[in-house]
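Q: I have a new model open and I'd like to learn how to read it. Can you walk me through it, one feature at a time?

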Amino acid sequence: MPDSSIGNLAGVVVIALALAGCQKEEEEPLPEQPKLTAGAACDPAVRPVEETPETEDDADPQPICAPGLACEPLADGEGHVCGTALSLRGRVTDSASGSGIEGALVAALNELGEPVTDVVATDACGDYDLPVSVRRKADGSYAESLKWTLSVSARDYQPFPTGLRPALPIDLSDAAPAPEPADEEDADEEAQAPDVVDNAATHVALLSLGADAAGVTIVGTLGEGTAGTLVIAEGRRRRLRTRSRTRRARSRCSTCRPGR
């Protein structure tokens, strides 16, 4: 064989070996996170793998409650159990126009007027989904009968409830399985339907403060161990001569379901 052919062949072999060395080994698929059924003991500190920042947890994921279930405290205080998830659903609207208010803050209060949930913000259509925790029996079913009222606030609107506009009580007994998603792609055949309360008491219409209203933002820190605390600012109303520079956002609610 001519020397030139041998040299070319050697070059090809070297290139092939170099390319083979650059190829990354295929990563082994991560184990699927075990799912717990209703009535199974659970740990509220365990989060879904996709929500955990520590990648080493992905190799040995701990079990969590299956979709549609929530890890709730037992009524006897001895641990937690998987039970049907519960949430309050509704819409916050402008009382004059009926259009949804984006960014309104919604929380639930118990019968003593104490906040018992986190605060959620409404979407572009004014809709919200507020998870509520309820103590459970050993089988995961509700162990108590509860009632809540809503606290709603939005920039340039009167807070709710206030004055002659009391909040209607929301009863746990009105909870029903959530309807299936209209979009088949969002449906999970294996998921259990969570319970929701969606009625007149969960829909709130806010009164605007008027065209001259100029909202402000108050920023502060409460310290450690205060996550989920509801902060409310109150003050006397006085007339201010000011020019509002707030621009109305273009409506993005063309796909909102009417009458929600």
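**Reading the model, feature by feature**

A: Sure, let's start with a single residue: leaving out residues up to four places away in sequence, Asp94 touches Ser99, Ile101, Tyr157, Leu206 and Ser208. Keep in mind that this is a predicted model.

Q: Where does Asp94 lie, and is Asp94 buried or exposed?

A: Asp94 lies in strand E5, which covers residues 86-94. Its relative accessible area is 12%, so Asp94 is buried, as the cut-off for that is under 20%.

Q: Now zoom out for me. How many helices and strands does the protein chain have?

A: The count comes to 1 helix and 13 strands. Starting from the N terminus, the order is α-β-β-β-β-β-β-β-β-β-β-β-β-β. For contacts with a separation of 6 or more, residues 24 or more positions apart account for 64%.

Q: How do I read strand pairing? Which strands does E9 pair with?

A: Here's the general idea to start with: side chains in a regular strand alternate between the two faces of the sheet. Now the case here. E9 (residues 147-153) pairs with E6 (residues 105-109) in the antiparallel sense, over 5 bridges. E9 also pairs with E10 (residues 170-171), again antiparallel, over 2 bridges.

Q: Which residues are bridge partners there?

A: Ala107 has Ser151 in E9 as its bridge partner, and for Trp148 the partner in E10 is Ile170.

Q: What else can you tell me about Ala107, and is Ala107 buried or exposed?

A: Ala107 sits in strand E6. With 1% relative accessibility, Ala107 counts as buried, because the cut-off is under 20%. Ala107 and Ser153 are 46 residues apart along the chain, and their C-alpha atoms are separated by 9.3 Å.

Q: Next, the nonpolar core. Which residues touch the most other members of the largest one?

A: The general idea is that nonpolar side chains in soluble globular proteins tend to be buried together. In this model the largest nonpolar core has 25 residues, and Leu88, Trp148, Leu150, Val152 and Leu206 touch the most other members. The elements giving two or more residues to this core are E5, E6, E8 (127-131), E9 and E13 (204-206). Apart from this core lies another, of 7 residues, including Leu36, Ala40, Cys65 and Cys82.

Q: Let's pick one core member. Which residues is Val152 in contact with?

A: Neighbours within four places in sequence aside, Val152 is in contact with Val92, Ala104, Leu105, Val106, Pro159, Phe160, Val204 and Leu206.

Q: How do I spot unusual backbone geometry? What does the peptide bond from Phe160 to Pro161 look like?

A: As a rule, most peptide bonds are trans, and most residues other than glycine have a negative phi. The bond from Phe160 to Pro161 is cis, with omega near 0 degrees. Pro161 lies in the loop between E9 and E10.

Q: And what about Asp156: what is its phi, and where does Asp156 lie?

A: Asp156 has a positive phi of about 70 degrees, although it's not a glycine. Asp156 lies in the loop between E9 and E10. At 22% relative accessible area, Asp156 is partly exposed, since that falls between the 20% and 50% cut-offs.

Q: Last one, on the surface. What area does the protein chain expose?

A: About 18700 Å², with carbon and sulfur atoms supplying 51% of it. As for burial, 26% of the 260 residues count as buried.

Technical notes:
Residues numbered from 1 in each chain as written. Predicted model: local features only at pLDDT ≥ 70, side-chain atom pairs only at ≥ 80, totals over all residues. Heavy atoms only, no water. Helix = DSSP H or I, 4+ residues; strand = E, 2+ residues; numbered from the N terminus. Buried < 20%, exposed > 50% of the residue type's maximum accessible area, 1.4 Å probe, protein only. Contact = heavy atoms within 4.5 Å. Pairing = 2+ DSSP bridges. Areas by Shrake-Rupley, 256 points an atom, 1.4 Å probe, with all protein chains shown as cover. Core = buried A, V, L, I, M, F, W, Y, C linked by side-chain atoms within 4.5 Å.
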